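Okay, thanks everyone, let me grab the screen for a few minutes. I'd like to walk you through one model, so here it comes.

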Amino acid sequence: MKIYIVPQEQIGKLGGELIARQLQAKPDSVLGLATGSTPIPFYKEWISLVKQGKISFARARSFNLDEYVGLPGGHPQSYRTFMRENLLDHIDLPASASDIPNGQAKDLEAECRRYDKALEDIGGIDWQLLGIGHNGHIGFNEPGPSLTAGTHVVELAEETREANSRFFASIDEVPTQAITVGMGTILKARQIVLVAQGESKAGIVAEALTGPVTTELPASFLQLHGSVTVVLDEAAASKLP
Ligand code: F6R
């Protein structure tokens, strides 16, 4: 595991270097992408690098980690909208090359199987970007007595709904369910980049990276993966031993 600890304002630049390296090595990379506050500095830098002609996503593919269940199409907080606004509308990745679970599907089980098959057909994820929840979730794989390998519908933990209520008018509007890729999909990614920023993540980051591997802290399973890069600002790194 390689850990970079950088000042907050340099997170984006490092994110640019990491994706540039990946796209240079494999222009047709399959990228696993995340939403939330964490990847925003990465995405801003990627947009800037594309505009400067320094990187291109023209041959890449992307698969998002997760999507809320039941938000109407075009809802400002759907992850599909988030991805369009914060990345996809501003880079040269063809529209047909990005996939995200459909949280409005009538048959959610069938949608999960479709997503798994698409991931399998393409040969899995080359480069997976992850944030971490305050409870240690990755994607929406929430802590519990067991974890699921494939794409599945999950009941969001109360702390996840509370954390994400900052984007909604009230907690009552935060969906109770989401579709998420499973732990198997994440751990099969050839490279994983975990990013965390801010003091509020310091405790869970230290536990995830150095504590016991347990289903009660899904991110702890990253300790078992052979190719993980961790990008932390100084605050998020402040509780590492
Ligand atoms: C988002 C995702 C989540 C977030 C995590 C951290 O697609 O899969 O695991 O990465 O909840 O969220 P932020 O970055 O908003 O603190």
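I'll go through the sheet, then the core, then the ligand shell and the annotated sites.

First thing to keep in mind: this is a predicted model. So, the sheet. What's the strand order? It runs S1-S10-S9-S6-S2-S3-S5, an open sheet of seven strands with parallel pairing. At the edges you've got S1, residues 2-6, and S5, residues 98-99. Each of those has a single partner strand, so one side of each is left without a neighbour in the sheet.

Now look at S6 and S9. S6 covers residues 127-130, S9 covers 191-196, and the two pair in the parallel sense over four bridges. If you want a spot to zoom in on, Trp 127 stands opposite Gln 191 in S9.

Stay with S9, please, as we move to the core. The largest nonpolar core has 62 residues. Leu 130, Ile 132, Val 193, Leu 194 and Val 205 are the ones with the most contacts inside that core. And which strand gives the most to it? That's S9, with five residues. As a reminder, in soluble globular proteins nonpolar side chains tend to be buried together. Take Leu 194: setting aside anything within four places in sequence, this residue is in contact with Leu 130, Ile 132, Leu 222, Val 228 and Val 230.

Okay, the ligand. There are 14 residues around it, and the closest are Thr 35, Gly 36, Ser 37, Thr 38 and Gly 131. Broken down by class, that shell has eight polar residues, five nonpolar and one charged.

Last stop, the annotation. UniProt, in an unreviewed entry, puts the feature "active site" at Asp 66, Asn 135, His 137 and Glu 142. I'll pick two of these.

Asp 66 is in strand S4, residues 66-68. Buried or exposed? Asp 66 counts as buried, because there are 24 C-beta neighbours inside 10 Å. Outside the four places either way in sequence, Asp 66 has contacts that include Tyr 79, Pro 101, Gly 139 and Phe 140, and also the run Ala 178, Ile 179, Thr 180 and Val 181.

His 137, on the other hand, belongs to the loop between S6 and S7, the strand at 152-155. This histidine is buried as well, with 26 other C-beta atoms within 10 Å. Not counting residues up to four places away, His 137 touches Glu 142, Pro 143, Thr 160 and Pro 218. Notice that Glu 142 carries that UniProt "active site" label too.

That's my tour, over to you.

Methods:
Residues numbered from 1 in each chain as written. Predicted model: local features only at pLDDT ≥ 70, side-chain atom pairs only at ≥ 80, totals over all residues. Pairing = 2+ DSSP bridges. Near = placed C-beta within 6 Å. Nonpolar A, V, L, I, M, F, W, Y, C, P; charged D, E, K, R; others polar. Core = buried A, V, L, I, M, F, W, Y, C linked by C-beta atoms within 7 Å. Buried ≥ 20, exposed ≤ 12 C-beta atoms within 10 Å, placed from the backbone. Contact = placed C-beta atoms within 7 Å. UniProt positions renumbered as here; feature names shortened; annotations may be inferred.
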